[in-house]
Amino acid sequence: MTVLISITPREQRPPWLRAPAPVGENYRELKSLIENLKLHTVCESAACPNVGECWNRRTATFMILGNVCTRRCGFCAVQKGSPLEVDYDEPRRVAEAIAAMGLRFAVITSVNRDDRKDGGAELFAMTIRAIRDRLPGCGVEVLVPDFQGSHEAMDIVMAAAPDVLNHNTETVPRLYRQVRLGARYERSLDMLAYAKRVAPPTRVKSGLMLGLGETADEVLSVMRDLRDAGVDILTLGQYLRPSPKHLPIVRYVPPSEFDDLRRAGGDMGFKHVESGPLVRSSYHADQNHRGAGLQPAAGFSRPSPIADEPTGAD
């Protein structure tokens, strides 16, 4: 077994990993808007390197259910600990922010909320509906946790008809115990396949971080598993260490390898593959859903009771 915490980075950060600084009029305006509405974004909480670019393009990924996560994944910069109380006015304020930004496509994610029976699914559904009530033509992508394998929780989200259902696989199965503490690879695949099964027209999306010690063959194997699960859109990006307390970078993956993986994903049948060192799960989400030929959100069909049984928690 690879023990990642014993490995130190082998080289300095290469020049292709330079991102624009978070400055500019649009950046300042969005920061003020988010602070005034008392909202959180994964852009800031997860220390995303693209915050400068995205906010100056007037795009952001809103993070609901607070900014404290109940899990302790070794790669993530989001604060861990006792979760905040659920704010049932948050969906309205998210919709207000999206209207103020003039967005035509919104991305919503959350911290893990293993303290709640539905994992926070109710707030996802409320937020989707609040956005649609305020901006009927706005597309909505939700980046959800695994809900501890609860199909009932996924039903709640899918019944609100998101345009894109995203759940990140993050890494290869061999590295899950170091990278995704509390998660299971098979459970993530099951939740993605279930979402596609209950709402076939909905685009299903997943993503991986590279540079944590995975092999090329392992990445290709995960990509095939995701395609078999019905995933339409794939994101691949370089893991960047948020702090010395987080998992180290084992390798900087060059752009040429990301290009190779993009082509491999196309050959596998993914409708769109966003692959590059600075790619994150919601990077250019407003563009790559169009590349996947997104259709308007369609109906939700709850499967038979046998197929509907939750897979259970860890």
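Is Arg184 buried, partly exposed or exposed, and what is its relative accessible area? In this predicted model, Arg184 has a relative accessible area of 31%. This value lies between the limits of 20% and 50%, and Arg184 is therefore classed as partly exposed. Arg184 belongs to the loop that links helix H7 (176–179) to helix H8 (185–198). Its C-alpha atom is separated by 8.1 Å from that of Pro173, a residue 11 positions away along the chain.

The protein has 314 residues, of which 54% are buried. Its secondary structure consists of 11 helices and 10 strands. Among the contacts with a sequence separation of 6 or more, 76% are made by residues 24 or more positions apart.

An open sheet is built from 8 strands, arranged in the order E1-E2-E5-E6-E7-E8-E9-E10, with mixed pairing. Strand E1 (40–41) and strand E10 (272–275) form the edges, each being paired on one side only. In general, the strands of a sheet pair through backbone hydrogen bonds, in either a parallel or an antiparallel sense. Strand E5 (residues 105–110) is parallel to E6, and the two are joined over 5 bridges. Within this pair, Val107 is placed opposite Glu141 of E6. Helix H4 (residues 90–101) packs on the sheet and touches E2 and E5. The direction of H4 makes about 170° with that of E2. Helix H8, which begins directly after the loop residue Arg184, lies across strand E7 (164–166) and strand E8 (203–210). The angle between H8 and E8 is about 160°.

The largest nonpolar core comprises 73 residues. Those with the most contacts inside this core are Phe62, Ile98, Ile108, Ile131, Val142, Val157 and Leu226. For Val157, with neighbours within four places in sequence left aside, the contacts are Ala121, Phe124, Ile128, Val142, Val144, Phe147, Pro162 and Leu165. Val142 thus appears both in the contact list of Val157 and among the core residues with the most contacts.

Packing between helices is illustrated by H9 (residues 216–228) and H10 (residues 255–268). Two packed helices are described by the angle between their axes and the distance between those axes. For H9 and H10 the angle is about 35° and the axes are 10 Å apart. The crossing of H9 past H10 is right-handed. On the H9 side, the contact involves Val219, Leu220, Met223, Arg224 and Arg227. On the H10 side, Leu261, Ala264, Gly265 and Met268 take part. By type, the residues of this contact comprise 6 nonpolar, 1 polar and 2 charged.

Backbone geometry was examined at two further loop positions. Most residues other than glycine have a negative phi. Leu65 is not a glycine, yet its phi is positive, at about 70°. Leu65 is located in the loop between strand E2 (61–64) and strand E3 (68–69). With a relative accessible area of 2%, Leu65 falls under the 20% limit and is therefore buried. Gln148, likewise not a glycine, has a positive phi of about 55°. The loop that holds Gln148 runs between strand E6 (139–143) and helix H6 (151–159). The relative accessible area of Gln148 is 25%, so this residue is partly exposed.

Terms used: Residues are numbered from 1 along each chain as its sequence is written. This is a predicted model: local features need pLDDT of at least 70, side-chain atom pairs count only at pLDDT 80 or more; totals for chains, interfaces and linings use all residues. Side-chain values use heavy atoms; hydrogens and water are left out. Axes are lines fitted to C-alpha atoms, for helices over the stretch in contact, and angles run from 0 to 180 degrees between N-to-C directions. Helices (H or I, at least four residues) and strands (E, at least two) are DSSP runs, numbered from the N terminus. A crossing is left-handed if the near helix is turned anticlockwise from the far one by less than a right angle, and right-handed if clockwise. Contact means heavy atoms within 4.5 Å. Ala, Val, Leu, Ile, Met, Phe, Trp, Tyr, Cys and Pro count as nonpolar, Asp, Glu, Lys and Arg as charged, and the others, Gly among them, as polar. Buried means under 20% relative accessible area, exposed over 50%, partly exposed in between (1.4 Å probe, protein chains only). A nonpolar core is a set of buried Ala, Val, Leu, Ile, Met, Phe, Trp, Tyr and Cys residues joined through side-chain atoms within 4.5 Å. Two strands pair if DSSP finds at least two bridges between them.
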